[in-house]
Amino acid sequence: MSTNIDALIEAWPRITDGVAVTAALTLGGAAFAFVLSLVLGYAVGVRNRWMRYPARVVIEFFRGTSLLVQLFWLFYVLPLFGYQLEPMLCGVLALGLNYGAYGAEVVRGAMAAVPIAQKEACIALGFSPWLQVRKVLFPQAWVQMVPPLTNLLIQLLKGSALASFILLQDLTYQIEQLRRGTGDTIFAFGVGLIVYFVLAYALTLVMNVVEIRAKRRLGLGPSLREVLSIKPDRGDELVGVGR
């Protein structure tokens, strides 16, 4: 066991480099996926067929094909047509396209779930379509989007492990090198499980803060300060007095 610990200490700088690559893939892919989700999710919900049909084709194509195959196409097949992309760019594009297609359905569903009365009120007030979305519809839909988007973000983090197949020295690659160095599969991949869990939990905490702030803006929940406060609220104090 001490030999494994020594090997881990020696490999730790390389593992942190792998964590940095995984973080860059995750954040870059998530940013691209988020933008794509908003664009496709809105387009697939409009009445204009010239916007809706192409958006639906893109969504179904990238949802219906493997992320690994998409990575291989971007990295190994595109060069055959004269387009050579950097491994990091390939990873970000593949993650963004794949998870952006899933996110588009989240956006579409959340926008469709906004009560029709809100839309009718916007029309009655003479709001332009852009103003309707920005001021009324999206803020209400955003609260419903955050939990499923959080799940997709965690899935994207785990999906980034496939980047080792396109020569990126990410966390999974470095964990494999640790396994080869120690010859102990359980130890090496146990370290990998822990590191991935820490990364996923950190992302979950950040998204929880985003959800709290989104609800607070609509008056649907406590503020972040109240959530983090250890002091009981006024209602709890009154209950204590009553007892």
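Let's start in the largest pocket, where 19 residues form the lining and Y42, G45, V46, K119 and L137 sit nearest the centre. Keep in mind that you are looking at a predicted model. The space in this pocket comes to about 580 Å³. If you want to see which helices build the wall, colour α1 (2-43), α4 (87-113), α5 (116-124) and α6 (129-159): each of them supplies at least two residues of the lining. As for chemistry, the lining of the largest pocket splits into eleven nonpolar, four polar and four charged residues.

Now move over to the second largest pocket, which holds about 310 Å³ of space. Its lining counts 16 residues, and A30, F34, L149, L153 and M207 are the closest to its centre. Here α1, α4, α6 and α8 (185-217) each bring at least two residues to the lining. The largest share belongs to α1, with six residues. What does the lining look like by class? It has 14 nonpolar residues, two polar ones and no charged ones. So much for the pockets; on to how the helices pack.

Stay with α1 and look at its partner α7 (residues 171-182). The two axes are 8 Å apart and the helices pack at an angle of about 165°. Angles over 145 degrees count as roughly antiparallel, and therefore that is the label for α1 and α7. Their crossing is right-handed. Which residues of α1 and α7 meet? On the α1 side you'll find N4, A7, L8, A11, R14, I15, G18, V19 and T22, and on the α7 side L171, Q174, I175, L178 and T182. Sorted by class, this contact of α1 with α7 has eight nonpolar, five polar and one charged residues.

The next partner of α1 is α8, the helix we already met in the lining of the second largest pocket. This time the packing angle is about 40° and the axes lie 11 Å apart. That makes α1 oblique to α8. The crossing of this pair is right-handed. From α1, the contact uses N4, I5, L8, V19, T22 and T26, while α8 brings F187, V191, V195, Y196, L199 and L203. Nine of the residues in the contact of α1 with α8 are nonpolar and three are polar, with no charged ones. If you flip back to α7 for a moment, you'll see that N4, L8, V19 and T22 of α1 are among the residues that meet that helix.

One more pair is worth a visit: helix α3 (residues 67-77) and α4. Their axes come within 9 Å and cross at roughly 140°. How is α3 set against α4: oblique or roughly antiparallel? The cut-off for roughly antiparallel is over 145 degrees, and therefore the pair counts as oblique. In handedness, α3 passes α4 in a right-handed crossing. The contact draws on L67, Q70, L71, L74 and F75 of α3, and on P87, C90, G91, L93, A94, L95, N98 and Y99 of α4. By class, that gives ten nonpolar residues, three polar ones and no charged ones. To tie this pair back to where we began, α4 is also one of the helices that supply at least two residues of the lining of the largest pocket.

Terms used
Residues numbered from 1 in each chain as written. Predicted model: local features only at pLDDT ≥ 70, side-chain atom pairs only at ≥ 80, totals over all residues. Heavy atoms only, no water. 1 Å grid on protein atoms, 1.4 Å probe; cavity = no way out; pocket = protein on both sides within 12 Å on 5 of 7 lines; lining within 4 Å. Points joined across faces, edges and corners; volume = space filled by probe spheres on them. Helix = DSSP H or I, 4+ residues; strand = E, 2+ residues; numbered from the N terminus. Nonpolar A, V, L, I, M, F, W, Y, C, P; charged D, E, K, R; others polar. Axes fitted to C-alpha atoms, helices over the stretch in contact; angles between N-to-C directions. Parallel < 35°, antiparallel > 145°, perpendicular 65-115°, else oblique. Left-handed = near helix turned anticlockwise from the far one by under 90°. Contact = heavy atoms within 4.5 Å.
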